[in-house]
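Student: I am new to this one and would like a close look at a single topic. Could you walk me through the salt bridges?

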Protein chains: 2
Amino acid sequence: MAMKRLRISDIVKGTDMVGREAQVKGWVRTKRGSKNVAFIALNDGSCIHNLQIVVDTEKFDEELLKKITTGAAINVIGKLVESQGKGQSVEMVAEKIELYGVADPLTYPLQKKGHTMEFLREIAHLRPRTNTFGAVFRIRHNMAIAIHSFFHEKGFYYFHTPIITASDCEGAGQMFKVTTLDLDCPPRNDEGTIDFKHDFFGRHANLTVSGQLEGELAAMALGSIYTFGPTFRAENSNTPRHLAEFWMIEPEMAFYEIEDNMDLAEEFIKYLVKWALDHCADDIEFLNNMIDKELRSRLEFVLQHDFVRLGYTEGIKILEDAVAKGQKFEFPIYWGADLAAEHERYLVEQHFKRPVILTDYPKEIKSFYMKQNDDGKTVRAMDVLFPKIGEIIGGSQREEDYDKLLTRANEMGVPMDDIWWYMDTRKYGTAPHSGFGLGFERLLLFVTGMSNIRDVIPFPRTPNNADF
Amino acid sequence: MAMKRLRISDIVKGTDMVGREAQVKGWVRTKRGSKNVAFIALNDGSCIHNLQIVVDTEKFDEELLKKITTGAAINVIGKLVESQGKGQSVEMVAEKIELYGVADPLTYPLQKKGHTMEFLREIAHLRPRTNTFGAVFRIRHNMAIAIHSFFHEKGFYYFHTPIITASDCEGAGQMFKVTTLDLDCPPRNDEGTIDFKHDFFGRHANLTVSGQLEGELAAMALGSIYTFGPTFRAENSNTPRHLAEFWMIEPEMAFYEIEDNMDLAEEFIKYLVKWALDHCADDIEFLNNMIDKELRSRLEFVLQHDFVRLGYTEGIKILEDAVAKGQKFEFPIYWGADLAAEHERYLVEQHFKRPVILTDYPKEIKSFYMKQNDDGKTVRAMDVLFPKIGEIIGGSQREEDYDKLLTRANEMGVPMDDIWWYMDTRKYGTAPHSGFGLGFERLLLFVTGMSNIRDVIPFPRTPNNADF
């Protein structure tokens, strides 16, 4: 069987396929038929579509055909012909079939019947073989490619910030420790405390919660950079929105002020949504039909509207007015409060009916590195709020003034020992600069219509779960 | 100053630049000149080239000009004119200069004088501002983009395998532990041993040493996938070739046999090298001049030659013959021995004078998951050996037979509790499949000519070093 294999996506998309001799390899989704003819729906993971294989049962060994059940891997050579059935333009009449591997119907967990998302999470090693997860992970791939395309075209440089870090200025108490010490009997110094000098890095080390600070170092040298890597949060949150291990995209740009930052964020997210609609149409159609009937219209909605740009103070007024008119919120809302998802969604879904970029938050509820406004009360933060999911992007112009940054870091108890190198960028050749962070899985919730974040990452890490 | 900023790379590459009014922002590399005219070499990180800013000193405040020293950040508006000097086609006559941030000449570490690589590692937060590291990190970006391009064009899906893992079948003893337990006083069970039920994941967890096993799961569903993410090795090796945290690319392909795997590896690495020559010509020229005079010729050499494909057994014969003829090696060579870098380089640099793909290694020196040959002694491994750096890619066809895999796993002491999910892919719809791994930093050593792996990653993690 030396003929070149075709991927099913190439056959489905191809124009000149009818009449061709071809070889396909994949996994059986279903087999049905009568005594004389069998129909095998074959999927090879390249796309949501199956190729129908038509088998004249008389021409093949009965024992072979019996073993071809759901989940089995086969290699088929045959002729591509115009399809008789609907929903497909071409099917294959089998000439040779080779069985690579069976899937015992008594034990193979992915039989035809529907499965709950909870059950599929327990077999995360097999769930990419389902239509839903095949679609989700192909979209995940496409969003990653779109991210790199967007930034590469704009002259940004992809920059790898460290995963293991000795500084913990951002995530105190919510970081994973990384160590090679013998946990049962760690070395101790004279005072009886653990002697981290004997640890691999000669000091206490953690998993990063953000690449931003290191990203800023790079931006202040290369101009515009972005990170795209795993980040970690040791937060004991068992919710459909939290993961202990997730991927983040963090662009940082020298010479960008807050308006440039907002322009970039809006252009970026529209580029990604457009890419999904253009490149993942079949997978999105499947998810739109099976998971979330409003998925496609929500994606198109984002493309069609300018994002509202609104100051936090105005946003609070709108919410207070709504409360005065009878709107109920679980959490109280007042100037100085952090917005809960319900508030964010009210602004986006009910008040403006458009995505909103909320800016100029009270400095008390934001990080030490955000640029302080002249009012002495607010900072140049910007959060992009989306329908259904709330905050999808968080960012700010960064404080470039050494003294202001130092004062704020001290007020908020950030130890200088941890960030002397960060302070150096304000000491040597400082300049206005900005950046933001996009949680990759949050984006994927929006683009796939899935409702649990554990279902948009291949192997979710959550409290009490590090399987596979 | 509302004019749109141009990046220096756009000005240098642009055709229609002379006579244009423009705005540039960047960092001063040098300032020189006479009483009447000053020349500022400005770099904005977009490329290796500086833009020369010509300053008529009479038109500007003397105090301002004094502050414009090496490392300062400035914003310049001026007219682009044909350059009088050599090595540049265009320069800017300054009309307005805004100083963003100074860099005190008494303390700024990156003065004009040359610095050792060791010193620059100590200021890794500033070294991207040097020509050498700017070039290295732009090439690093380009290689990442090329990797995604290559696989995306071929219909491979980018797949994120987990960073935190509870299985340690591959890296026993060389893995970093990940924990949220109180190291000083961890919870213990009745027997007095540490009770990992109270740890974040309810069990012992580590940082991954490879995404391959999870990558295979994905390939057996999506067809062809690749990973590109950080991997970790808690190895106490202080060498120019080892990092505790590094990035790996691991493609895994269903329905690929060893020959397909070799074809892919050769095509892949040639694609990357060609991308570097096509897209990073200026940075490579700089590194060729300053770091490694043979860099460009070595890159072109790889493109121009088919890789030799050679069985391990033949390779050993060649090495034994060489020894018989007087060639000296530090390590003994015989059938069954693992090749040292000196042996690999002898084959590549002296015997064949071409890259070599060595295949069919003794099973004892390779992993449990490699496909066993019929001879009972060797496995379908393939290592790609390169001039100067030795092994750059390691891969194999994977054992798809459940019983053979089980036997070999048991012989090598791999606990089934750790890989039951991996075994499942051989139980349900198994098929021939293959894959390989490329160490990203090894690739970068080859493509940049740098000699220490700590100098091709922004913030290297090594024993006793997790700075920044």
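Student: How many salt bridges does the structure hold over all chains?

Tutor: Happy to help! This is a predicted model, and over all chains it holds 46 salt bridges. Let us visit some of them.

Start with A:Arg398 and A:Glu216, whose closest N and O atoms lie 3.8 Å apart. This pair ties together distant parts of the chain: A:Arg398 sits in strand β15 (residues 390-398) of chain A and A:Glu216 in helix α5 (residues 212-222) of chain A, 182 residues apart. A:Arg398 counts as buried because its relative accessibility is 2%, and A:Glu216, at 0%, counts as buried too.

Now turn to A:Glu411 and A:Arg408, where the side chains meet in a salt bridge with an N to O distance of 2.4 Å. Here both residues belong to helix α11 (residues 402-411) of chain A; they are 3 residues apart, so about one helical turn separates them. With a relative accessibility of 8%, A:Arg408 is another residue that counts as buried.

In chain B, look for B:Arg140 and B:Glu441, a salt bridge with its closest N and O atoms 3.0 Å apart. Distant parts of the chain are linked again: B:Arg140 is in helix α4 (residues 131-153) of chain B, while B:Glu441 is in helix α13 (residues 440-448) of chain B, 301 residues apart. Both B:Arg140 and B:Glu441 are buried.

Finally, salt bridges can join into a network, as they do for A:Asp263, A:Glu266, A:Lys270, A:Asp306 and A:Arg309.

Key. Residues numbered from 1 in each chain as written. Chains lettered and ligands numbered in written order. Predicted model: local features only at pLDDT ≥ 70, side-chain atom pairs only at ≥ 80, totals over all residues. Heavy atoms only, no water. Salt bridge = Lys/Arg side-chain N within 4 Å of Asp/Glu carboxyl O. Helix = DSSP H or I, 4+ residues; strand = E, 2+ residues; numbered from the N terminus. Buried < 20%, exposed > 50% of the residue type's maximum accessible area, 1.4 Å probe, protein only.
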